[in-house]
Amino acid sequence: DRLDVSVINAGMGDNSLLSSGEQDAGTIRFVRDCVGRPKVKWDIILEGVNDIKSSTNMDLVGRITDAYQDMIDQGREAGHKVFGSPITPFGTNADYAGGSAKQIRNDINDWVREGTHFDAVVDLAQAVADPGNPDNLLSNYSNDGLHPSIAGYEAMGNAVPLTLFTE
């Protein structure tokens, strides 16, 4: 069987979920790039790593999961299925892994993986994680401990179950 689905990659480097800087915040981009785009039926949310970069602020867990819930609600109101992905590993990137960042990421990822918020979980983090240390990208899938390599992005793409994209 052939699946006739197009993919719009609205991913953007160096942006945050919660705040605008040089780029619009992810919450703003979600409305513009997903909810506001005709014919979109499915959304995959993978956002937040730049918000937690070497943070010690555990309040970010609630702020990020609240933002996810708002995006889920907006997507569903637009008639979309909304899928979530845990934030990918960054444990070997010194610029990101400091402070409480790993614990913040793990708490957010636990919320995502609960399976009760999103219509489905697409675990892109697991697709690129080192099985021996899931806080780290598998070395073959890593450019700098934060950004996946081409092989990492390929693994992420292959981790998306096409069965999700049905009417």
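The axis of a helix is here a line fitted to its C-alpha atoms over the stretch in contact, and the angle between two axes runs from 0 to 180 degrees between their N-to-C directions. In the present structure, which is a predicted model, this description applies to the packing of α3 against helix α5 (residues 101–113), where the axes lie 9 Å apart and the angle is about 30°. The crossing of these two helices, α3 and α5, is right-handed. On the side of α3, the residues that take part are L60, V61, I64, T65, Y68, Q69 and I72, and they meet I104, D107, I108, W111 and V112 of α5. Sorted by character, the residues of this contact between α3 and α5 comprise nine nonpolar, two polar and one charged.

A second helix, α1, also packs against α3. The axes of α1 and α3 come within 11 Å of each other and cross at roughly 15°. Angles under 35 degrees count as roughly parallel, and α1 is therefore described as roughly parallel to α3. The crossing of α1 and α3 is right-handed. In this contact, G26, T27, F30, V31 and V35 of α1 meet A67, M71, Q74 and G75 of α3, and the residues involved divide into five nonpolar, four polar and no charged.

The burial of α1, which spans residues 26–35, concerns G26, R29, F30, D33 and C34. Seen down the axis of α1, these buried residues fall within an arc of 110°, so that they line one face of the helix. The elements that cover the buried residues of α1 include β1 (42–45) and α3 (60–77).

Helix α7 (residues 150–158) can be described in a similar way, its buried residues being G152, A155 and M156. Because these residues cover an arc of only 100° around the axis, they are placed on the same side of α7. The other side of α7 carries the exposed residues I150, E154 and N158, while the buried residues of the helix pack against α6 (124–128).

One of the buried residues of α7, M156, is also among the contacts of T88, a residue of the loop between β2 (81–84) and α4 (94–97). With a relative accessibility of 11%, T88 counts as buried, because the cut-off for burial is under 20%. When neighbours within four places in sequence are left aside, T88 is in contact with L46, R105, L124, A125, V128 and M156.

Several further residues outside the helices were examined individually. In the loop between α1 and β1 is K39, which has a positive phi of about 75° although it is not a glycine. At 81% relative accessibility, K39 counts as exposed. A positive phi, of about 50°, is also found at S54, which is likewise not a glycine and which lies in the loop between α2 (49–52) and α3. S54 has a relative accessible area of 28% and is partly exposed. In the segment before α1 is G21, which counts as exposed at 63% relative accessibility. From C-alpha to C-alpha, G21 and G99 are 22 Å apart in space, and 78 residues separate them in sequence.

Technical notes: Residues are numbered from 1 along each chain as its sequence is written. This is a predicted model: local features need pLDDT of at least 70, side-chain atom pairs count only at pLDDT 80 or more; totals for chains, interfaces and linings use all residues. Side-chain values use heavy atoms; hydrogens and water are left out. Buried means under 20% relative accessible area, exposed over 50%, partly exposed in between (1.4 Å probe, protein chains only). Helices (H or I, at least four residues) and strands (E, at least two) are DSSP runs, numbered from the N terminus. The arc is that of the directions from the helix axis to the C-beta atoms. Contact means heavy atoms within 4.5 Å. Angles under 35 degrees count as roughly parallel, over 145 as roughly antiparallel, 65 to 115 as roughly perpendicular and the rest as oblique. A crossing is left-handed if the near helix is turned anticlockwise from the far one by less than a right angle, and right-handed if clockwise. Ala, Val, Leu, Ile, Met, Phe, Trp, Tyr, Cys and Pro count as nonpolar, Asp, Glu, Lys and Arg as charged, and the others, Gly among them, as polar.
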